[in-house]
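Visitor: I would like to learn how to read aromatic contacts in a protein structure. Could you take me through them step by step?

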Amino acid sequence: MSNIRKFDTGATRDTDENKNDYEGFLCPLVIEEFGNYMNYHRIQSDGKIRDSDNWQKGIPKSQYMKSLWRHLHQLWKLHRGYKTTDEKGKEVTIPDAICAILFNAQGYLHEYLKEKPIC
C-alpha cells in the first residue's frame with residue numbers, strides 16, 4: 001500500500017495517516033468564543049490593555065490551579081441551576097466559566113511543558 005497520494009492535477013503528497021488532525025480536533029465555534037473571552041479580559045483593572053500573549057511570560061502553576069478551581073466551582077453551580085458571580089459581582093455565564101477553565105488548563109499545561117527537557 002502506497003503512502004503517497006496523487007491528485008488529478010498531478011501533484012503528490014504523503015497520506016494524512018497518523019498525522020495530527022488539528023482541524024478535526026478543534027471546533028471553530030469554541031475557538032471563536034475563547035478568543036472573544038480572552039480579548040475581553042485583556043483590559044486590566046487599571047484600564048491598560050495587556051498583550052494577547054502576556055500569559056506566556058509565565059504565571060506560576062499554583063496560580064493557574066487556584067483559578068481553575070474557582071472557575072470549575074462556578075461551572076458546577078451553573079450546571080446545578082444556581083446563579084454565580086465573579087469577584088466584581090458580575091454574573092458568570094456557562095461560556096465564561098468554561099473559557100476561564102480552558103485558559104487556566106492551557107496555562108498550566110504551557111508551564112508544565114516549558115519545564116520538560118527537550119529531547
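Guide: Let us begin with a term that will be needed shortly: a residue is called buried when its relative accessible area is under 20%, and exposed when that area is over 50%. Please keep in mind that this is a predicted model, in which the chain averages a pLDDT of 94 and 97% of the residues score at least 70.

Visitor: Which elements have the lowest and the highest mean pLDDT?

Guide: Among the elements of the chain, strand 1 (residues 4-6) has the lowest mean, at 90, whereas helix 3 (residues 61-79) has the highest, at 98.

Visitor: How is a pair of aromatic rings described?

Guide: One gives the distance of the centres and the angle of the planes. In this structure there are three aromatic pairs. One of them joins Y22 and F25 in an edge-to-face arrangement, with 6.4 Å from centre to centre and 85° between the planes.

Visitor: Where do Y22 and F25 lie, and is Y22 buried or exposed?

Guide: Both residues belong to helix 1 (residues 22-25), where they are three residues apart, or about one turn of the helix. Y22 is exposed, because its relative accessible area is 55%, and F25, with a relative accessible area of 60%, is exposed as well.

Another edge-to-face pair is formed by Y64 and F103, whose ring centres are 5.8 Å apart and whose planes meet at 65°.

Visitor: Why does the pair of Y64 and F103 tie together parts that are 39 residues apart in sequence?

Guide: Y64 lies in helix 3 while F103 lies in helix 4 (residues 94-115), so the pair ties together parts with that separation of 39 residues. Y64 and F103 are both buried, and ring pairs link them with W55 into a cluster.

Visitor: Over which ring does the charged end of K61 sit?

Guide: The charged end of K61 sits over the ring of Y108, at 5.9 Å from the centre of that ring.

Visitor: Let us end with a lysine in strand 1, K6; is K6 buried or exposed?

Guide: K6 is exposed, because its relative accessible area is 66%. If residues up to four places away in sequence are not counted, K6 touches A11 and T12. As for separation, K6 and L26 are 20 residues apart in sequence, and their C-alpha atoms are 27 Å apart in space.

Note on methods: Residues numbered from 1 in each chain as written. Predicted model: local features only at pLDDT ≥ 70, side-chain atom pairs only at ≥ 80, totals over all residues. Heavy atoms only, no water. pLDDT = per-residue confidence, 0-100. Helix = DSSP H or I, 4+ residues; strand = E, 2+ residues; numbered from the N terminus. Phe/Tyr/Trp six-rings, centres within 6.5 Å; stacked < 30°, edge-to-face > 60°. Buried < 20%, exposed > 50% of the residue type's maximum accessible area, 1.4 Å probe, protein only. Lys NZ or Arg CZ within 6 Å of the ring centre and 35° of its normal. Contact = heavy atoms within 4.5 Å.
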